[in-house]
Amino acid sequence: MIYTIVYGFTIGAILYFISIGLSLTFGTMRVINFAHTLTYTMGVYALITLVALFKGYFALVATLSIIVVIPISYVIERFIIRRLYGESLDYTFIATFAISLIGVDAIKWIWGVNPYPMSDPIGKYLMFWGLSLPIYRILIVMIAILLFLALNSFFKKTIVGKIVVAALEDKDGVRCLGINVDKYFSIVFVLGSALAALGGVLYAPISSIHPYMGLSILLLSFAVVIVGGMGNLNGTFLSAFSLGMVMAITARYWSQGAETMVFIVMAIVLIFRPIDI
Amino acid sequence: MNKAPASHANHLNANPMKEHGFIDFLVITGGFLLITPILSVHRVTDFMIFCIFVMSFDLMYGYMGRLSFGHLLFLGTGAYGSGLFIRYISGNPLLAILAGIAVAGLLGMLLGLIIVRTTGACFALINLAFNHIGFFLVLSPLRQITRGEDGFGVSASTLGFLNFSSRPIMFGFVLFCLLLVFYLLKRLTSSPFGIMLRSIKEDETRVRFLGYNTFLYKWLNFALAGSLAGLAGTLTALNYNYVNPNAMDVHSNVGVVFASLIGGAGTLYGALVGGVVYMVISNFLPIYIHRWEMFLGFSLLIITFRFRKGVWGYILSLWESGIKKRLLRRPTEEVANR
């Protein structure tokens, strides 16, 4: 049972990393960002390329691969997403989906279709009360909680964060104050993409790596965002961890049904609380 | 929006509907017969089935303005419904087709109760979620019946002259279905029901404010689009003689969205043109261009930024501007002649 809880927290942490970016982009820009799959997968592929160069320095490699993703996401924001502000949701959805198609095909071109194997970078286990828990998973959960606290203070204490929170509430109001909202939106977008890459980098060693890996996790993150509420930061945190737990508990009894159970939960939530977006 | 004057004109003439419909039938039949010698009978049958599917998608996206990213669920349900009917109950192909449509329609009614409440991105995503659930159900828990990943063969028995293993007869039957669906949708979209759908697309709040029960219309339309997709599914099963979970693979949904957009959403001819263009691209492009997904992505981007009306919309607007020029020119010429 302890294993299940640890597993659930790990999945929840990964889902949190990925869905926070989605939630922020939706809340501020009203864009459903399918290109998140691309930034997530790019992070992972940057990681496996860099791991071959610097063996043994996982933390360094992980940081580098997140930095690699930042310019890519800036380009996407500047040339595609920025033109889509105020458009109907269908077109933003289709355009970002097209970006992810292009990006994933480029990844297939460069790295090939075959899955890459990768092992746990720490590989040690924490022993207590006769249980052996992988330290790496515990580390992921710790990072998620630290990130949650850091993001909370970022949005409450710093000027940039405050402007973003204000834009989540009322975009036009912020614009009326003479603040260039677009600049802050691109910061938010790049931040979200970097967090998706962080999620990918941390999840890669304990999952399988292939060009389409982003799609299924993105669907799960959409479920998280819908359950937690679009643009609601605390709600995203809670729903990520509770849906992670749902997945872990389902997987314990019925391993194939884990992802489906998340969607069933999402459907139930949508029945009782339809969101008009 | 272009339809309104046309339907108005129909009321003025004595019996124009038949003539107009007849021209449509000639154009569609002629068009598909023309491309048959270039491609092959089997391929064109496949294209026509896909066109039926695109039209059912267009009923929801083009006319009602709800983008679904999980419409393949209904195609797959139709395919499995008719396939399982043939496998376990009876080999009669017409009954199997009816069974497939009925199952997909029932699923549409059931899911519609939930899905139709949402709009925009939520609608797309919840469809995707249900498609995922359906794919999973077929793949794993219902493995005893559906034989999981392997799928199963479908061999319908011969009914009179309807021998579905013969390619020309399959072609003719699919063409008949296509024309039937086209006629049905043409009537439907120019009826008050269709006008209601387009009004919901424009502004649902106002329609509700006028006292209409928009939920009912959306629900009916969702079920109808589902059952038409189910028809496309049954025809797919009969055409390929087997069913497997790929029929409702979540990742293939982009195809129908792309087809609908490239042809021009919101017109029936647009759906036909888009279906054929997409099928030609996806069937023949991978032979010449290895990175065809990238090509698809770039063309989707171009469509969203520059070419929103699609091929058919572009042709229509060219034609209309041509007419306008002629109409504008005529009075000036008359003045000049005087």
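Here is a short tour of the structure above, one selection at a time.

This is a predicted model, so local features need pLDDT of at least 70 and side-chain atom pairs count only at pLDDT 80 or more, while totals for chains, interfaces and linings use all residues. Residues are numbered from 1 along each chain as its sequence is written, and chains are lettered from A, with ligands numbered from 1, in the order in which they are written.

**Stop 1: chain A.** Select chain A and colour it by secondary structure: 11 helices and 2 strands should appear (DSSP runs, H or I of at least four residues for helices and E of at least two for strands, numbered from the N terminus). Walking from the N terminus, you pass α-α-α-α-β-β-α-α-α-α-α-α-α. The C-alpha trace spans about 60 × 45 × 35 Å along its principal axes.

**Stop 2: V68(A).** Now pick V68(A), which sits in helix α3 (residues 58-79) of chain A. Is V68(A) buried or exposed? It is partly exposed, because 17 other C-beta atoms lie within 10 Å (20 or more would make a residue buried, 12 or fewer exposed, with C-beta atoms placed from the backbone). Across chain A, 48% of the 277 residues are buried. Add K171(A) to your selection: its C-alpha atom is 30 Å from that of V68(A).

**Stop 3: where chain A touches chain B.** Show both chains; 33 residues from chain A and 31 residues from chain B take part in the contact (C-beta atoms, placed from the backbone, within 7 Å). On the chain A side, α4 (89-111), α9 (213-228) and α11 (258-272) each give two or more residues. Highlight α4(A), which gives the most, with 14 residues.

Definitions and conventions
Two residues are in contact if their C-beta atoms, placed from the backbone, lie within 7 Å.
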